[in-house]
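Colleague: Could you take me slowly through one part of this structure, beginning with a single residue and then moving outwards to what lies around it in the fold?

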Amino acid sequence: MYSPSPNQCNQCHQCQSITMAISPSLVEELLAQTRADPELPRANPTTSFWQMPPHPSMSAVQSAELPAAVDVAIIGSGVTGCSVAKHLLEHPGFRSGSGSGSGSGSSSGPAGTVAVLEARNLTSGATGRNGGLLTNHVPGDYRLLSDRFGHAEATKIARFANRTLEKMHALGNSSDEFRAASVVRRLLDVICFDDEPAFTAAKASFELYEQHVPEDRGKTKYLTAEEAASTYQVVAKAGAIVFPNGAFWPYRLITRVWAQLHEQHRGRLSIDTNTPVTAVTHDPASSATHPYVLATPRGAVRAAKVVHATNGYTGHLLPALRGKIFPLRGTMSTQVAPAAFGRRGHEVSWSMVSSGVFDSATDVLEVGLYYSNQNPDTGDIFIGGEKVKLDELLVSDDTEVRAPCRDNIVSVLPRYHTRGWADGQAPEARKVWSGIMGFTADRLPLVGRLPQGATRREGDEEWIAAGFNGFGMPLCWSSGEAVARMMLGEGKGEDGEGGVDFLPEAFLATKERLDDEARMATRTALELLLSGHP
């Protein structure tokens with residue numbers, strides 16, 4: 001059962017102290033930003049190092065002409081949209097006009113068709129702009145999740161995340177080409193804590209996690225500040241937690257999956273980049289089988305079903321969801337590692353955690369989380385995290401990186417690593433960019449069939465997988481798979497693989513959830529964000 005208390009987190013004193021320091025007028029401005037139209041993805045985003053160079057054949061791929069009608073139209077070409085398409089196209093029950101499938105291959109009719117519509121270049125959104133980590137966020141959030149949704153659901157969310165991460169490792173290792181491109185690898189995350197309250201709260205959450213997720217029992221190690229410094233050469237003033245995770249190159253992997261699908265399913269799959277969907281309408285009078293009309297600057301596409309995989313931009317085409325899902329701009333970078341830092345990209349990644357700090361004189365918030373990993377081949381360090389003016393955080397514009405974001409991100413590494421930089425030496429940044437994440441009011445993804453109250457249209461074949469709250473890699477792939485399976489009529493499966501048993505009930509985009517004012521209170525989400533629960 002969901003608990004509506006806004007301060008049932010393990011740092012509630014911090015929630016209250018930071019929130020109280022923010023002027024009421026600024027709080028109202030932030031709430032208004034969550035309800036604003038995120039608009040379409042901007043045409044000239046900052047350049048992400050992940051996307052250098054762009055995929056030679058798929059980056060700007062377009063059909064000669066848009067398909068007139070398809071069975072499923074997917075809006076968005078990131079990891080989520082890719083998962084939906086792959087699981088549909090490879091499913092034996094996906095047949096044109098069938099509307100469902102048993103998975104037995106017994107459906108009659110021609111093979112089903114899919115159109116992917118992307119506003120910019122392929123995989124140029126959050127998937128091509130993120131931190132590159134394959135990390136289960138649930139251990140650190142377990143206490144918060146169990147307080148809100150109960151142990152059974154928190155445990156299911158944990159296993160969903162673990163399942164998804166294993167799927168990503170399997171995908172990255174599925175061919176020599178994919179393995180070389182993705183650089184997928186298993187690591188240990190060294191989580192460094194600046195202050196005792198944050199460390200104490202995290203330890204309590206990890207311990208509770210291990211009690212209720214027994215298959216992960218014994219994987220966590222707790223280190224003192226001295227042990228962390230001697231073993232991992234990091235500054236962890238209060239101590240450190242070490243837990244398994246992974247890393248990879250998301251853009252290179254997902255664009256190669258798209259290329260493979262495009263080749264294998266010619267005639268069934270169209271991919272059209274730089275083709276933003278500007279409106280979705282429902283018009284069954286003109287086509288009973290393909291009632292949805294997706295308008296684009298290049299013409300219209302009709303579809304029997306529509307999938308919204310647009311994450312932080314979801315509210316543009318679904319105005320009723322504004323405030324329930326909203327954008328958050330993150331900062332990411334690639335920085336040079338000096339020779340003295342060493343090469344540890346095949347061994348560890350690093351996270352740096354504090355309770356968060358808000359400066360009321362400047363309205364600048366340091367969220368309290370940095371995350372980084374090292375390219376094992378080049379030694380470059382990928383690091384992201386936020387120190388930002390509050391009114392520049394909940395925005396959907398990734399065309400710039402504002403101060404103090406840029407100045408701060410290039411100062412973090414020497415603060416947490418004991419070797420590599422001399423006193424006062426600043427790291428060399430190869431590239432700094434921004435990216436738009438999708439956050440939800442209750443901090444869980446929206447997955448499944450959308451109710452008519454969310455679409456404001458007749459018809460019941462609009463679906464969603466969005467709102468991953470900065471933790472897309474342990475959530476996106478299985479969310480996309482769940483949507484594909486539900487669209488094909490699959491329900492419960494005995495082993496969780498032949499159905500959607502693996503999907504937590506709390507993720508479903510039901511009318512009851514979306515209408516629950518306490519659960520979907522944006523002010524609660526803001527309190528968590530401001531307290532170091534990014």
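Modeller: This is a predicted model, and a good place to begin is Trp463, which has a relative accessibility of 3% and therefore counts as buried, since the cut-off for that word is under 20%. Trp463 sits in strand 18, which covers residues 462-466. Leaving out residues up to four places away in sequence, Trp463 touches Val306, Val307 and His308, then Gly448, Arg449 and Leu450, and also Val483, Met486 and Met487. Lys389, by contrast, is 74 residues from Trp463 in sequence, and their C-alpha atoms are 34 Å apart in space.

From here we can turn to helix 14, which spans residues 476-487. The axes of helix 14 and helix 5 come within 7 Å and cross at roughly 95°, and the two helices are therefore roughly perpendicular to each other, a description used for angles of 65 to 115 degrees. On the side of helix 5, the contact is made by Phe160, Arg163, Thr164, Lys167, Met168 and Leu171, while helix 14 contributes Cys476, Trp477, Ser478, Ser479 and Glu481. Sorted by character, the residues of this contact comprise 5 nonpolar, 3 polar and 3 charged ones.

Helix 5 also leads us to the interior. The largest nonpolar core has 72 residues, and Val114, Phe193, Trp258 and Leu503 are those with the most contacts inside it. Helix 5, residues 151-172, supplies the largest share of this core, namely 8 residues. In soluble globular proteins, nonpolar side chains tend to be buried together. If we set aside its neighbours within four places in sequence, Val114 is in contact with Val70, Val72, Ile74, Ala85, Leu88, Leu89 and Phe94, and also with Arg268, Leu269 and Ser270. Apart from this core lies another one, of 45 residues, which includes Leu223, Leu328, Trp421 and Phe439.

Finally, helix 2, residues 24-34, shows how one helix can have two faces, for its buried residues are Leu26, Val27, Leu30, Leu31, Gln33 and Thr34. These buried residues cover an arc of only 155° around the axis, so they lie on the same side of helix 2. The face turned away from that buried side carries Pro24 and Ser25, which are exposed. Among the elements that cover the buried residues of helix 2 are strand 11, residues 325-335, and helix 16, residues 522-530.

Terms used: Residues are numbered from 1 along each chain as its sequence is written. This is a predicted model: local features need pLDDT of at least 70, side-chain atom pairs count only at pLDDT 80 or more; totals for chains, interfaces and linings use all residues. Side-chain values use heavy atoms; hydrogens and water are left out. A nonpolar core is a set of buried Ala, Val, Leu, Ile, Met, Phe, Trp, Tyr and Cys residues joined through side-chain atoms within 4.5 Å. Buried means under 20% relative accessible area, exposed over 50%, partly exposed in between (1.4 Å probe, protein chains only). Helices (H or I, at least four residues) and strands (E, at least two) are DSSP runs, numbered from the N terminus. Contact means heavy atoms within 4.5 Å. Axes are lines fitted to C-alpha atoms, for helices over the stretch in contact, and angles run from 0 to 180 degrees between N-to-C directions. Angles under 35 degrees count as roughly parallel, over 145 as roughly antiparallel, 65 to 115 as roughly perpendicular and the rest as oblique. Ala, Val, Leu, Ile, Met, Phe, Trp, Tyr, Cys and Pro count as nonpolar, Asp, Glu, Lys and Arg as charged, and the others, Gly among them, as polar. The arc is that of the directions from the helix axis to the C-beta atoms.
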